[in-house]
Amino acid sequence: MEIYHGRPTDVSGRQRREIATYDLLDALQIPYDRADHEAAMTIDDCKGVDELFGIEICKNLFLCNRQKTAFYLLLMPGKKKFVTRELSRQIESPRLSFADESYMVEFLDIHPGSVSIMGLMNDRDNRVQLLIDRDVTKPEYFGCHPCVNTSSLRLRTADVLEKFLPAVHHAARIVDL
């Protein structure tokens, strides 16, 4: 595995959603490093990427309320355990559960194992509320997938919060887990 600066020069065989991520980051003039790797379906699969980039890629959970009327993308440190009760209390939404893949595809145009903050670029109707654990906002760098789980990105956290999120018309709600 190797670190590349920016988008791949040869995009043949790359998915449309991945290229769209690079197009948006380039248009926003957000610099990023990229690593290509085998499919990483879980946070444990990202350990090699973490070591390569010198960061901790965060866990991304796609959640909804029981009625399936409110949807959330939760970003939290990979080593933290997710306790539904703690989050439910903070956002005043009881009975949170993992949302069905069909909503993930419909709202974010991503599939399980590829969940990423970058998917918010596809949520033009703002159906998904972004929740970020405070600990994710502290490091200088942020790691995520470019809407596919065969590549990972390292970006400045400030660029994600101050450039990317405003550009995709989403605001982060900070939570403490």
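**Two sheets and their helices**

Me: At what angle to S3 does helix H4 (residues 101-108) run?
Reply: Helix H4 lies across S3, S4 and S6. Helices (H or I, at least four residues) and strands (E, at least two) are DSSP runs, numbered from the N terminus. Axes are lines fitted to C-alpha atoms, for helices over the stretch in contact (heavy atoms within 4.5 Å), and angles run from 0 to 180 degrees between N-to-C directions. Against S3, the angle of H4 is about 105°.

Me: What pLDDT do local features need?
Reply: Residues are numbered from 1 along each chain as its sequence is written, and side-chain values use heavy atoms, leaving out hydrogens and water. This is a predicted model, in which totals for chains, interfaces and linings use all residues, side-chain atom pairs count only at pLDDT 80 or more, and local features need pLDDT of at least 70.

Me: Which strands stand at the edges of the sheet of 5 strands?
Reply: This open sheet has mixed pairing (two strands pair if DSSP finds at least two bridges between them) and the order S5-S3-S4-S6-S9. Two of its strands each have a single partner strand, so one side of each is left without a neighbour in the sheet. These are strand S5 (97-98) and strand S9 (172-175).

Me: Which residue in S8 is the bridge partner of Asp33?
Reply: Strand S2 (residues 32-36) and strand S8 (residues 151-156) pair in the antiparallel sense over 5 bridges. In S8, the partner of Asp33 is Arg154.
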